Number of protein chains: 2
Amino acid sequence: MKRITTFTLAAVLSTTCAGGIALADGHAEKAMAAAIEARKHQMQLNGYSMGILGAMAKGDVAFDAATATAAASNLAATAKLDRSILWLDGTIQGEVPNTRAKAEIWSDAAGFEKSATDLETAADALVAAAGTDLAALQEAMKAAGASCGACHEKYRGPRN
Amino acid sequence: MKRITTFTLAAVLSTTCAGGIALADGHAEKAMAAAIEARKHQMQLNGYSMGILGAMAKGDVAFDAATATAAASNLAATAKLDRSILWLDGTIQGEVPNTRAKAEIWSDAAGFEKSATDLETAADALVAAAGTDLAALQEAMKAAGASCGACHEKYRGPRN
């Protein structure tokens, strides 16, 4: 994962702080809070797509290729958002407010990257499966669901 | 824009309603509420990316190609999310809660689609510009900002 320091993004996001003042603590906090909110929006979109696909895979509703393809395509897109501006250094549960991100996201960056790319791969497989049939969708959902769960297990802390 | 009826998606999203009951009003309301929330998450992500790019374009912070490219790439991805599962029929301001979506999104579907694809095009141009230099970014931001404003002007109602 490309790493962009909090300092760099704090500078970028400091525009609402008037006066051209050099970076102060408030700017870094603002940048971190914005990044935390942004990745929550990403997770919510991932969940919306997975919810649609999961309902079909479980047989709660009829398989519909067009809807499934739309949901899988959106999941693939949101899973692949550039993480460098979402997972800023220091945006760790217990150190800043409103996040459940564990320190292991940064201390085990390679592992986190692997988990994230597992979801990307699973989402691409879902796109192909969604255009095929229900059995393919059900099979592809196993890997997608497992990747969500594995990442949350390793890298998401308890509810605040 | 591919149209998926509220009925279809209500079925898909009805899984948290236990008992296998056929679609009732509550299911359609649940599906519409979920879609409204999902598109708000999309807009928030669009805004996060635009905020990073806008700060650089205005000269409030130094141009940084890596950060600009990350933001532009994310904007391009979230701008292109499949709209069929986000803009469900009937999710109109004044008819359902928590949305500012004007009826014109559906009554002028071709115009809305044009506005949405204008942003997609502008975001793709931003990706190219972000890897070039500040002048290119500033130029590309004009079209991107204009597409945001034009769509909000025509298709977003007043604050609730």
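Biologist: Let's start in chain B: is the crossing of α3(B) and α5(B) left-handed or right-handed?
Modeller: In this predicted model, α3(B) passes α5(B) in a left-handed crossing.

Biologist: At what angle do the axes of α3(B) and α5(B) cross, and within what distance do they come?
Modeller: The two axes cross at roughly 160° and come within 8 Å of each other. Since an angle over 145 degrees counts as roughly antiparallel, α3(B) is therefore roughly antiparallel to α5(B).

Biologist: And which residues of α3(B) and α5(B) actually meet?
Modeller: From α3(B) the contact takes in B:A65, B:A68, B:T69, B:A72, B:S73, B:L75, B:A76 and B:A79, and these meet B:L119, B:E120, B:A123, B:D124, B:L126, B:V127 and B:A130 of α5(B). Sorted by class, the contact of α3(B) with α5(B) has eleven nonpolar, two polar and two charged residues.

Biologist: Over to chain A then, how do α3(A) and α5(A) pack?
Modeller: Their axes lie 8 Å apart, at an angle of about 160°, which means that α3(A) is roughly antiparallel to α5(A). α3(A) passes α5(A) in a left-handed crossing, and the residues in contact divide by class into eleven nonpolar, two polar and two charged. On the α3(A) side they include A:A65, A:A68 and A:A72, while A:L119, A:E120 and A:D124 are among those on the α5(A) side.

Biologist: What about α5(A) against α6(A), parallel or antiparallel?
Modeller: The axes of α5(A) and α6(A) cross at roughly 160° and come within 9 Å, so the two helices are roughly antiparallel to each other. The crossing of α5(A) and α6(A) is left-handed, and the contact holds 15 nonpolar residues, three polar ones and one charged one. Among the residues that α5(A) brings are A:G111, A:F112, A:S115 and A:D118, and among those they meet in α6(A) are A:M141, A:C148, A:C151 and A:Y155.

Biologist: Changing topic, what volume does the largest pocket have?
Modeller: The volume of the largest pocket is about 980 Å³. Its lining comprises 36 residues, and those closest to the centre are A:M43, A:Q44, A:N46, A:H152 and A:R156.

Biologist: Which helices supply at least two residues each to that lining?
Modeller: In chain A these are α2 (25–57), α5 (109–130) and α6 (134–155), and they are joined by α2 (25–57) of chain B, so to speak across the chains. α2(A) gives the most to the lining, with eleven residues. Taken by class, the lining of the largest pocket has 17 nonpolar, twelve polar and seven charged residues.

Biologist: And the second largest pocket, which residues lie nearest its centre?
Modeller: Those are B:R39, B:M43, B:W87, B:H152 and B:R156, out of 30 residues that line it, and the space in this pocket is about 800 Å³. α2, α5 (109–130) and α6 (134–155) of chain B each supply at least two residues of the lining, with α2(B) giving the most, ten residues. The classes in this lining are 14 nonpolar, ten polar and six charged.

Biologist: How many cavities of 30 Å³ or more are there?
Modeller: The structure holds two of them, and about 40 Å³ of space lies in the largest cavity.

Biologist: What lines that largest cavity?
Modeller: The lining consists of A:L45, A:Y48, A:S49, A:N74 and A:T78 from chain A, along with B:L81 and B:L86 from chain B. α2 and α3 (65–79) of chain A each supply at least two of the lining residues, and the largest share, three residues, comes from α2(A). By class there are four nonpolar and three polar residues in this lining, and no charged ones.

Biologist: One last thing on the backbone: is the phi of A:N98 positive or negative?
Modeller: A:N98 has a positive phi of about 65°, although it is not a glycine. Most residues other than glycine have a negative phi. A:N98 sits in the loop between α3 and α4 (104–107) of chain A.

Biologist: And where does B:N98 lie?
Modeller: B:N98 lies in the loop between α3 (65–79) and α4 (104–107) of chain B, and its phi is a positive value near 65° in a residue other than glycine.

Definitions and conventions. Residues are numbered from 1 along each chain as its sequence is written. Chains are lettered from A and ligands numbered from 1 in the order in which they are written. This is a predicted model: local features need pLDDT of at least 70, side-chain atom pairs count only at pLDDT 80 or more; totals for chains, interfaces and linings use all residues. Side-chain values use heavy atoms; hydrogens and water are left out. On a 1 Å grid over the protein atoms alone, a cavity is a set of points where a 1.4 Å probe fits but cannot get out, and a pocket is an open set with protein on both sides within 12 Å along at least five of seven lines; lining residues have an atom within 4 Å of a point. Grid points are joined across faces, edges and corners, and a volume is the space filled by probe spheres set on the points. Helices (H or I, at least four residues) and strands (E, at least two) are DSSP runs, numbered from the N terminus. Ala, Val, Leu, Ile, Met, Phe, Trp, Tyr, Cys and Pro count as nonpolar, Asp, Glu, Lys and Arg as charged, and the others, Gly among them, as polar. Axes are lines fitted to C-alpha atoms, for helices over the stretch in contact, and angles run from 0 to 180 degrees between N-to-C directions. Angles under 35 degrees count as roughly parallel, over 145 as roughly antiparallel, 65 to 115 as roughly perpendicular and the rest as oblique. A crossing is left-handed if the near helix is turned anticlockwise from the far one by less than a right angle, and right-handed if clockwise. Contact means heavy atoms within 4.5 Å.
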